[in-house]
Amino acid sequence: PDGALGGSIDAAASSDEEEEGYKNPELEQTITLVGNVNGMIVFIMDDMIDKSGSWIAAAETVVKKGGAKKVYCIATHGLFGDNSLEEMEGCQCIDYIVVTNSFPIPPDKVGVSKKLVILDLSHLLSEAIRRNHYGESISQLFQHYHD
């Protein structure tokens with residue numbers, strides 16, 4: 001796909017092994033940038049952020065090799081294991097870290113990050129529960145109509 005990142009990491013490798021590969025300068029890792037992101041805003045998306053290595057590597061690739069002007073790291077769940085939030089915060093190639101509040105993030109971690117944006121799911125989830133209870137359509141919550 002145009003503008004996509006691809007990697008040569010073994011899909012069967014554990015996330016710990018993958019993370020070690022990104023942090024160990026003696027291990028060579030390949031991130032392939034496909035497409036032109038020069039001067040573009042780039043969204044790097046996954047289901048969760050637990051460790052920072054692959055996120056930082058991807059951000060550095062699109063900025064330093066691809067010329068991206070801004071990078072958003074976006075995930076549904078912000079687990080932020082170890083010092084991953086602090087490491088991502090310190091990466092000059094990452095502009096914003098966007099997650100939902102589906103997983104509790106300690107207030108002391110939230111307080112140190114200027115890049116972190118947390119999207120609140122409470123209204124969406126409560127409305128989905130209400131609609132389910134009364135037999136109403138939940139799928140309508142995810143349909144957007146533009147005039």
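This report describes the fold, one helix, the aromatic pairs and the salt bridges of a predicted protein model.

## Basis of the description

The model is predicted, and local features are taken where pLDDT is at least 70, side-chain atom pairs count only at pLDDT 80 or more, and totals for chains, interfaces and linings use all residues. Residues are numbered from 1 along each chain as its sequence is written, and side-chain values use heavy atoms, with hydrogens and water left out.

## Overall architecture

The protein chain contains five helices and six strands, where helices (H or I, at least four residues) and strands (E, at least two) are DSSP runs numbered from the N terminus. Along the sequence these elements follow the pattern β-α-β-β-α-β-α-β-α-β-α.

Of the 147 residues in the protein chain, 29% are buried; buried here means under 20% relative accessible area, exposed over 50%, and partly exposed in between, with a 1.4 Å probe and protein chains only. The accessible surface of the protein chain is about 9600 Å², and carbon and sulfur atoms account for 53% of that surface, the areas coming from the Shrake-Rupley method with a 1.4 Å probe and, for residues, only the protein chains shown counting as cover. Among contacts (heavy atoms within 4.5 Å) between residues at least 6 apart in sequence, 63% join residues at least 24 apart.

## Helix 2 and strand 2

Helix 2 comprises the 13 residues 53-65, and at 1.5 Å a residue it should span 18 Å, which agrees with the 17 Å between its end C-alpha atoms; the expected span is 1.5 Å times one less than the number of residues. Within helix 2, the buried residues include G53, W55, I56, A57, A58, A59, T61 and V62. After helix 2 comes G67, which has a positive phi, near 80°.

One of the buried residues of helix 2, V62, has its C-alpha atom 9.8 Å from that of V34, although the two residues are 28 residues apart along the chain. V34 belongs to strand 2 (residues 31-34) and counts as partly exposed, at 39% relative accessibility.

## Aromatic pairs

A pair of aromatic rings is described by the distance of the centres and the angle of the planes. Rings of Phe, Tyr and Trp (its six-membered ring) pair if their centres lie within 6.5 Å, with planes under 30 degrees apart counted as stacked, over 60 as edge-to-face and the rest as tilted. By this rule there are two aromatic pairs. In the edge-to-face pair of F43 and Y72, the centres are 5.2 Å apart and the planes stand at 85°. Because F43 lies in strand 3 (residues 41-49) and Y72 in strand 4 (residues 70-78), this pair ties together parts that are 29 residues apart in sequence.

Y72 is partly exposed, at 22% relative accessibility, and its ring also pairs with that of Y96, where centres 4.9 Å apart and planes at 25° make the pair stacked. This pair links distant parts of the chain, with Y72 in strand 4 and Y96 in strand 5 (residues 96-100), 24 residues apart. Y96 is likewise partly exposed, with a relative accessible area of 32%. Ring pairs thereby link F43, Y72 and Y96 into a cluster.

## Salt bridges in and beside helix 5

Side chains of opposite charge can pair when their charged atoms come close. The structure holds three salt bridges, each defined by a side-chain nitrogen of Lys or Arg within 4 Å of a carboxyl oxygen of Asp or Glu. E127 and R130 form a salt bridge with an N to O distance of 2.8 Å, and both lie in helix 5 (residues 122-133), three residues apart, about one turn of the helix. E127 also forms a salt bridge with R131, the closest N and O atoms being 2.9 Å apart; these two residues are four residues apart in helix 5, and are therefore separated by about one helical turn. An α-helix has 3.6 residues a turn, so residues three or four places apart point the same way.

R130 also meets E136 in a salt bridge (2.8 Å, N to O), and E127, R130, R131 and E136 are thus linked in a network of salt bridges. Within this network, R131 is buried, with a relative accessible area of 15%, whereas E127 is partly exposed at 22%, R130 is partly exposed at 32% and E136 is partly exposed at 35%.
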